[in-house]
Amino acid sequence: MTNHIAVIKGDGIGPEIVTEAMKVLDRVAEVFGHTFEYEQLLMGGCSIDAYGEPLTDDTIAACKRADAVLMGSIGGNTTTSPWYKLPAHLRPEAGLLKLRKSLGLFANLRPCVLYPELRRACTLREDISEQGFDMLIMRELTGGLYFGERHTEPVDGVMTAVDTLKYDENEIRRIAIKAFEVAMKRRRKVTSVDKANVLDTSRLWRKVVEEVAKDYPEVTLEHALVDSTAMQIVRAPAQFDVMVTENMFGDILSDEAAMVTGSLGMLPSASLNETKFGLYEPSGGSAPDIAGKDIANPIAAILSGAMLLRYSLDMQAEADAVEAAVKQVLADGYRTGDIMSEGCTRVGCAEMGTLIAERVKKGA
Ligand code: NAD
């Protein structure tokens, strides 16, 4: 069977790191006997240069035809790049927001893993980092405060701004189901994060999550308030498996959790819709400061490829093989500059991709 993967390499380091992710996927195809067919598409700054807009209708249609989308990152230097002199709706990031919306991607998954070999990069105290952690933050991506009605106007002569936070039970149910489904493939624990002591949306969130939990008796559910969760992420991150939360809380907590791993170039992400379709991309940006130098870390892009295999193509063994190859390359002492430490061997982006591809094998 042939799987069709739409590929958006994007801007900055995007083309370099996605090339390495494709190298590893090609190796998976070879080892496991699959055929992956790629369709390369433009989005972001490179699409502005080619077509005058960050995302064309043809690109959206091609993504919809594919089984999944593998993406690098988009955008340039926001102070110097001419892309940022354009009106907001024609800038690179507008393309990404439009693509997420057009594809109905409502669930954003960000695994935050502290690899034993990279403990020294962790910003937490040693007694905490020694325990390691492996959590996945599932953030609702298309509702809540960022998409509610907003306006700024004078009220009784005082300039006043209003943002609206709204969730309906269907929006909550579909992301809760995703969280429990993902937890079933992991350590079977869900932490639902809200602010139910204050917000009505959070009280509805809690109620609906509890209803969904009844269909997953093997999964342990706990509720936590967002402020205390922010503390727990730095105090005892090992306690978390899958964390599910609304858009703004997820935005903040996922950056916090990413930061404590200490290495942005290691973290993949997935955005899913109601089917198995998803868009897979590194959590970091296009890093224009290091683009074109063969020094970017391709591991986040390679692990995004592993998530694509796991969630869109249902290839668990293949995804395990990629993740094991990444762990092996770290255990063998290879590092890109961003995660370099004493006694390790420094390699470039392309060599890191080759070393990981070489370590992909069956039965990992
Ligand atoms: P960034 O994530 O691109 O870079 C932050 C720092 O991390 C830089 O020092 C960079 O060199 C480093 N870094 C990031 N990824 C790395 C990797 N794989 N290997 C080694 N080092 C890495 O964030 P920024 O500088 O704030 O943003 C740059 C551009 O990226 C902006 O145009 C921004 O809008 C865009 N951006 C895009 C996405 C996306 O495509 N989803 C996400 C975030 C930012």
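This briefing describes a ligand site, two strands and several individual residues in one protein structure. The model is predicted. In it, 23 residues surround the ligand. Strand β3 contributes to that shell, and 6 of the 6 residues of β3 are buried. Strand β4 is likewise described below, with 8 of its 8 residues buried.

**The ligand and its surroundings**

- Among the 23 residues that surround the ligand, the closest are Gly-76, Glu-93, Gly-285, Ala-287 and Asn-297.
- The shell around the ligand divides by residue type into 10 nonpolar, 9 polar and 4 charged residues.
- Two elements, β3 (68–73) and α4 (92–102), each supply at least two residues of this shell.
- An oxygen atom of the ligand lies 2.4 Å from a polar side-chain atom of Glu-93.
- The side chain of Glu-281 has an N or O atom 3.1 Å from a nitrogen atom of the ligand.
- In the case of Asn-297, a polar backbone atom is 2.9 Å from a nitrogen atom of the ligand.
- The ligand taken alone exposes 810 Å², and the protein buries 67% of that area.

**Strand β3 and its partners**

- Strand β3 is largely enclosed by the rest of the structure, because 6 of its 6 residues are buried.
- Strand β1 (residues 2–10) pairs with β3 in the parallel sense, over 5 bridges.
- In this pairing Ser-73 of β3 has Gly-10 opposite it.
- Strand β12 (residues 278–282) also runs parallel to β3, and 2 bridges join them.
- Here Val-69 stands opposite Leu-279 of β12.

**Strand β4 and its partners**

- What is the setting of strand β4 (residues 107–114) in the structure? It is largely enclosed by the rest of the structure, since 8 of its 8 residues are buried.
- In a regular strand, side chains alternate between the two faces of the sheet.
- On one side of β4 lie Ala-107, Leu-109, Pro-111 and Val-113, and on the other lie Asn-108, Arg-110, Cys-112 and Leu-114; these residues are all buried, and both faces are covered.
- Strand β5 (residues 133–140) pairs with β4 in the antiparallel sense, over 8 bridges.
- Within that pairing, Arg-110 stands opposite Ile-137 of β5.
- Strand β11 (residues 268–272) is joined to β4 by 3 bridges and runs antiparallel to it.
- Leu-272 of β11 has Ala-107 opposite it.

**Buried residues in helices**

- Thr-261 lies in helix α9 (residues 247–261). Its relative accessible area is 2%, so Thr-261 counts as buried, the cut-off being under 20%.
- The side chain of Thr-261 reaches the backbone oxygen of Ala-258 at 2.6 Å.
- Not counting residues up to four places away in sequence, Thr-261 touches Cys-112, Val-113, Leu-114, Ala-121, Cys-122, Phe-133 and Leu-267.
- Leu-25 belongs to helix α1 (residues 14–32) and is buried, with a relative accessible area of 2%.
- Which residues does Leu-25 touch, not counting those up to four places away in sequence? They are Ile-5, Phe-36, Tyr-38, Leu-70, Gly-305 and Leu-309.
- Although Leu-25 and Glu-318 are 293 residues apart along the chain, their C-alpha atoms are separated by 9.2 Å.
- Ser-202 is found in helix α7 (residues 200–213) and counts as buried at 4% relative accessibility.
- At 2.8 Å, the side chain of Ser-202 reaches the backbone nitrogen of Lys-195.
- Leaving aside neighbours within four places in sequence, Ser-202 is in contact with Asp-194, Lys-195, Ala-196 and Phe-249.

**Loop residues with positive phi**

- Asp-156 has a positive phi of about 50° although it is not a glycine.
- The loop between β6 (150–155) and β7 (158–163) contains Asp-156.
- Is Asp-156 buried or exposed? Its relative accessibility is 79%, and the cut-off for exposed is over 50%, so Asp-156 counts as exposed.
- Ala-287, also a residue other than glycine, has a positive phi near 40°.
- Ala-287 lies in the loop between β12 and α10 (299–312) and is one of the closest residues to the ligand.
- With a relative accessible area of 21%, Ala-287 is partly exposed.

Conventions: Residues are numbered from 1 along each chain as its sequence is written. This is a predicted model: local features need pLDDT of at least 70, side-chain atom pairs count only at pLDDT 80 or more; totals for chains, interfaces and linings use all residues. Side-chain values use heavy atoms; hydrogens and water are left out. A residue is near a molecule or strand if one of its heavy atoms lies within 4 Å of it. A polar contact is a pair of N or O atoms within 3.5 Å; within protein, one must be able to donate a hydrogen and the other to accept it, and residues adjacent in sequence count only if both atoms are side-chain atoms. Accessible areas come from the Shrake-Rupley method with a 1.4 Å probe; for residues, only the protein chains shown count as cover. Helices (H or I, at least four residues) and strands (E, at least two) are DSSP runs, numbered from the N terminus. Ala, Val, Leu, Ile, Met, Phe, Trp, Tyr, Cys and Pro count as nonpolar, Asp, Glu, Lys and Arg as charged, and the others, Gly among them, as polar. Buried means under 20% relative accessible area, exposed over 50%, partly exposed in between (1.4 Å probe, protein chains only). Two strands pair if DSSP finds at least two bridges between them. Contact means heavy atoms within 4.5 Å.
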